[in-house]
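Hi,

Here is the structure I promised to pass on. Have a look at it first, and then read my notes below.

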Amino acid sequence: MASNSGEYIEHHLQNLQACTVDGEWVTNLGQTKICSGNIWAVNLDTMFFTVTLGALFCFLFWRVAKNIETGKPGKLQAMVEMVVEFVDGSVKDTFHGKSPVIAPLALTIVCWVFLMNLMDLIPVDWLPTAAHLVGIDYLKVVPSTDPNVTFGMSISVFFLILYYSFKIKGVGGFVVGELMLNPLNPKELGIPTFGFRILWLPIMAFNLILETVALLAKPLSLSLRLFGNMYAGELMFILIALLGLYQLPLHFGWAVFHILIVTLQAYIFMMLTIVYLSQAHEAH
Amino acid sequence: MELNIPTFLGQTIAMIVFVWFCMKFVWPPIMNMLEERQAQIAEGLAAADKGNRALEEAEVEKQSILDEARGQAREIIDHANTRGGSIVDEARTEAGSEKERILAAAQAEVEQEANRAREELRGQVGVIAVAGAEKILQREIDSATHKDLLDKLAAEI
């Protein structure tokens, strides 16, 4: 076991990929590394699981929403209502503007991320073994351990941040007011202009660098936090799975703990999205 | 950590599609339902409140009707009592006068009867006296000649 444990881990962390080699679409089945480092590769397993889980979420909630009842809600409807009210409450607590996007966005994020994270609780070998039986050798089951997923989501949030910042504050208000006059506001610091505001330029440039980094750190931290937590969790499961019989109590303990992480990371992703978007709506 | 553009873009697009779907088909009906339910609950509470108030009013009305009925009943009973008393009194006086009347009639009849008997007796005593005298005097006394004497005697008895 020890001799091929490295292989085992590597195997579990390998995506099923497709890419073009010499103008022809190939998968990495049987040629593990053929797509490595290819920036135009597609992670088939990631795409499959994310789209499936997202569709599952949409279908489930859509079905409930379609047959929704005011009077006597069924159990599924009660659950959906609970989630929706929880998200709505979180949005209303933090975000005081009016936006038709933020609440549904938060709902989609929390449910989708939760479902993706939840894949981590399926024993690590089940789905890859099942896939192996139908001839697919590589299958990374937990989509949120793929940075493409977390970056894809956080970039969408980032563009929404930019969109709302520009929309609410205007180009000048955002770029000058938000990015250049913070955190060191020359007016408040009492720096004299001698009639030439241009003298503030060095401070403004300094602010712009700081604030741009801060702005870019938002999507980066958002995605890396989720990715890091889930990747580490998944790696722990794989390592525990290497232990043979002792894995049973350990796996149980880690899985119980991981329920917390799964839920917490989904919640954090949603909450930070709401916070960032509400910051984009309000001048500070 | 490997980044590749198609997966990344695919994720972004998938997310946009799912968020759009959620925004279009999931969020509004659920929110509408929740708002509708809020309205219904508020309505229900208001109705319950109204019902309670109506109940209180009805309670008050009931009490007043009950009091009125109780008063009426007492009045009727009092009335009946006095009426009963007066009927009994009336009957008593009527019975008294009837008794007196019957008594008087009976007395009159008794007196009449006694008088008649007395007359009859008187007549019969006269006859008996005459018969007695006849037996004693037989020949000397002629009933025809001494008739007025005998009548006088009879009248004296």
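**Salt bridges along the chain B helix**

B:Glu113 and B:Arg116 meet through their side chains in a salt bridge, with N to O at 2.6 Å. Before I go on, please keep in mind that this is a predicted model. Both residues sit in helix H1 of chain B, three residues apart, which is about one turn of the helix. B:Glu113 is partly exposed at 43% relative accessible area, and B:Arg116 is partly exposed too, at 49%.

Two other pairs in that helix are worth a look. B:Asp49 and B:Arg53 form a salt bridge with N to O at 3.6 Å. Those two are four residues apart in helix H1 of chain B, so about one helical turn separates them. B:Asp49 is partly exposed, with a relative accessible area of 44%, and B:Arg53 is partly exposed with 46%.

Further along, the side chains of B:Arg92 and B:Asp89 meet in a salt bridge at 3.7 Å, N to O. Because they are three residues apart in helix H1 of chain B, they are again separated by about one helical turn. Here B:Arg92 counts as exposed at 57% relative accessibility, while B:Asp89 is partly exposed at 43%. Over all chains, the search finds ten salt bridges.

As for the helix itself, H1 of chain B covers residues 5-137. You can get a feel for its reach from B:Gly10 and B:Ala133: they are 123 residues apart in sequence, and their C-alpha atoms are 174 Å apart in space. B:Gly10 lies in this helix and counts as buried, at 15% relative accessibility.

**Chain A on its own**

Chain A has nine helices and three strands. Read along the sequence, the order is α-β-β-β-α-α-α-α-α-α-α-α. Its C-alpha atoms fill a box of roughly 75 × 60 × 45 Å along the principal axes. Of its 284 residues, 47% count as buried. If you take the contacts in chain A between residues at least 6 apart in sequence, 71% of them join residues at least 24 apart.

**Where the two chains meet**

How many residues does each chain bring to the contact? Chain A gives 53 residues and chain B gives 29. About 3500 Å² is buried between them, and carbon and sulfur atoms give 76% of that area. On the chain B side, B:Met15, B:Phe18 and B:Trp27 lose the most area to chain A, together 20% of what that side buries.

The count of salt bridges between the two chains is one: the side chains of A:Glu81 and B:Arg37 meet with N to O at 2.7 Å. The residues of chain B that touch chain A divide into 20 nonpolar, six polar and three charged. Nine residue pairs are in polar contact between the chains, counting pairs with both residues at pLDDT 80 or more.

One residue to click on is A:Ser156, which lies in helix H6 of chain A (residues 147-180). A:Ser156 is buried, at 11% relative accessibility. A polar atom of its side chain lies 2.8 Å from the backbone oxygen of A:Gly152. Leaving aside neighbours within four places in sequence, A:Ser156 is in contact with B:Thr12 and B:Met15. B:Met15 is also one of the chain B residues that lose the most area to chain A.

**The cysteines**

There is one disulfide over all chains. It joins A:Cys19 to A:Cys35, with S to S at 2.1 Å. The link between A:Cys19 and A:Cys35 is left-handed, with -80° about the S-S bond. A:Cys19 lies in strand E1 (residues 17-21) of chain A and A:Cys35 in the loop between strands E2 (24-27) and E3 (42-43), so the pair ties together parts that are 16 residues apart in sequence. A:Cys19 is buried at 0% relative accessibility, and A:Cys35 is buried at 0% as well.

Why is A:Cys58 not bonded to B:Cys22? The sulfur of A:Cys58 has its closest cysteine sulfur in B:Cys22, but that is 6.5 Å away and too far for a bond; the cut-off for a disulfide is 2.5 Å. A:Cys58 is buried, at 5% relative accessibility. For A:Cys111 the closest cysteine sulfur is also in B:Cys22, at 7.5 Å, again too far for a bond. A:Cys111 counts as buried, with a relative accessible area of 9%.

Cheers

Note on methods. Residues are numbered from 1 along each chain as its sequence is written. Chains are lettered from A and ligands numbered from 1 in the order in which they are written. This is a predicted model: local features need pLDDT of at least 70, side-chain atom pairs count only at pLDDT 80 or more; totals for chains, interfaces and linings use all residues. Side-chain values use heavy atoms; hydrogens and water are left out. Buried means under 20% relative accessible area, exposed over 50%, partly exposed in between (1.4 Å probe, protein chains only). Contact means heavy atoms within 4.5 Å. Buried area is the accessible area (1.4 Å probe) that two parts lose on being put together, summed over both. A salt bridge is a side-chain nitrogen of Lys or Arg within 4 Å of a carboxyl oxygen of Asp or Glu. A polar contact is a pair of N or O atoms within 3.5 Å; within protein, one must be able to donate a hydrogen and the other to accept it, and residues adjacent in sequence count only if both atoms are side-chain atoms. Ala, Val, Leu, Ile, Met, Phe, Trp, Tyr, Cys and Pro count as nonpolar, Asp, Glu, Lys and Arg as charged, and the others, Gly among them, as polar.
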